[in-house]
Amino acid sequence: MKKLILALALTFISSTVISAPLKIKALVNGEIISSDDFQNRVNLLLMNTGIPYNSQTKDMIHQRVLNSAVEEKLKLQEASKEGIFITDKEIEEQIKRYTQSNNLTPLMLKQANVSHKTIEEQLKSELAWLRVIRKKYYSEGTITQKEINKALESAQKDINIPKYFVAEIFIKKENAKNLSQLVNNLRNDNRFELYAMQFSESPSAANGGNLGWVNSGKLASTLETRLRTMKAGDVSDPILLGEGYYILKLKQRFNPKTDKPTPPTENEIKTLLENQKMETLSKKLLQDIHQKAVIEIR
């Protein structure tokens, strides 16, 4: 009799849990992003960046997290279409590297209310997308020796031009709230790339905001004027230009009159060209997928 009562009780509990309404934050081609999943992602971002979560930053954080969650779904869906799947073993290895490199422990994740599944989905999406782009890259043809030689010749001419190694965060005017607090965080936290990936609305966000070496005269005069007054490691105040604000970080400055130029090797040029091509392919494919997708935000 006791066993029967226990069985009935468990059945009741199980049916109660299953019937609990699922709160949907968004639908991406019919796949659900739940409110719980969304909040876990917000918590993870806050844990990683330490950015204040208040009435001024809330909308910017929510929009960035939602955009990232939608993008992850699209990437995983495209990988599935291409027959690309990530194994449990691969994900566990990725999570291990991620937690070690960020000094995260299970207790820290629990205290921050971040589920293991949230990190798992993000890393799975990144790994799957990388394989999608590599597959597309090799199907369209690899970098040729002619392209490498041309780039080497251009680099030889380019070596005598002053340049800046710079990273950017771009935020549209309508989303530009509490920028002074963001700049303060950036000046006290050396993880500029992480902030750029989370908040920047420029295509460079995918690369941590890094623009690499930029020749003098190639940037808008408003931005270059500010860079001239900065030292390596400096983070600028927000700079209004066009449709939004730029926050720049000067990583290094090259002056051909005082710095000894080091020409790039053939392998370095090849790697650079490969990365540029894959980045271009990634942007175009993601844009195409977005245009065809059915996305419903609730």
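Helices here are DSSP runs of H or I with at least four residues, strands are E runs of at least two, and both are numbered from the N terminus. With that in hand, a first residue to look at is M47, which lies in helix α2.

## What you're looking at

This is a predicted model, where local features need pLDDT of at least 70 and side-chain atom pairs count only at pLDDT 80 or more, while totals for chains, interfaces and linings use all residues. Residues are numbered from 1 along each chain as its sequence is written, and side-chain values use heavy atoms, with hydrogens and water left out.

The protein has 11 helices and seven strands. Its C-alpha trace spans about 90 × 45 × 35 Å along the principal axes. Of the 298 residues, 38% are buried, where buried means under 20% relative accessible area, exposed means over 50%, and partly exposed is in between (1.4 Å probe, protein chains only).

About 18,100 Å² of the protein is exposed, and carbon and sulfur atoms supply 53% of that. Those areas come from the Shrake-Rupley method with a 1.4 Å probe; for residues, only the protein chains shown count as cover. As for contacts (heavy atoms within 4.5 Å), take the ones between residues at least 6 apart in sequence: 75% of them join residues at least 24 apart.

## Back to M47

So is M47 buried or exposed? Neither quite fits: M47 is partly exposed, with a relative accessible area of 23%. Leaving aside residues up to four places away in sequence, M47 touches L104, M108, L109 and A112. Take A112: it sits 65 residues from M47 in sequence, yet the two are 6.6 Å apart in space, C-alpha to C-alpha.

## The four-strand sheet

Now for the strands. Strands of a sheet pair through backbone hydrogen bonds, either parallel or antiparallel. Here, two strands count as paired if DSSP finds at least two bridges between them.

One open sheet has four strands in the order β4-β3-β6-β5, with antiparallel pairing. β4 (210-215) and β5 (239-241) stand at the edges with a single partner strand each, so one side of each has no neighbour in the sheet. From one strand to the next, the twist averages 45 degrees. Angles run from 0 to 180 degrees between N-to-C directions, and axes are lines fitted to C-alpha atoms, for helices over the stretch in contact.

Walk through the pairs and you'll find β3 (residues 163-172) joined to β4 by five bridges, with K163 partnered by N215 in β4. β3 and β6 pair over 10 bridges, and I169 stands opposite I247 in β6. β5 and β6 pair over three bridges, with L241 opposite G244 in β6. β5 and β6 also form a hairpin with two residues between them, and G242 in that turn has a positive phi of about 65 degrees.

## A helix across that sheet

Helix α9 (residues 192-199) lies across β3, β4 and β6 (244-254), running at about 35 degrees to β3. Which residues of α9 are buried? They are F192, Y195, A196, Q198 and F199. Their cover includes α2, α3 (58-81), β3, α8 (179-188) and β6.

## The three-strand sheet

Another open sheet has three strands in the order β2-β1-β7, again with antiparallel pairing. β2 (31-34) and β7 (295-297) are its edge strands, each pairing on one side only. The twist here averages 20 degrees from one strand to the next.

Three bridges join β1 (residues 24-28) to β7, and L27 stands opposite E296 in β7. Helix α2 (residues 35-49), the one that holds M47, packs on this sheet: α2 touches β1 and β2, and its direction makes about 55 degrees with that of β2.

## Two crossing helices

Finally, look at helix α6 (residues 116-139) and helix α11 (residues 266-292). Their axes come within 9 Å and cross at roughly 110 degrees. α6 and α11 are therefore roughly perpendicular to each other. That label covers 65 to 115 degrees, while under 35 is roughly parallel, over 145 roughly antiparallel and the rest oblique.

Where do they meet? On the α6 side it's W129, V132, I133, R134, K136 and Y137; on the α11 side it's E274, K277, M278, L281, S282, L285, L286 and I289. The residues of this contact divide into nine nonpolar, one polar and four charged. Nonpolar covers Ala, Val, Leu, Ile, Met, Phe, Trp, Tyr, Cys and Pro, charged covers Asp, Glu, Lys and Arg, and the others, Gly among them, count as polar.
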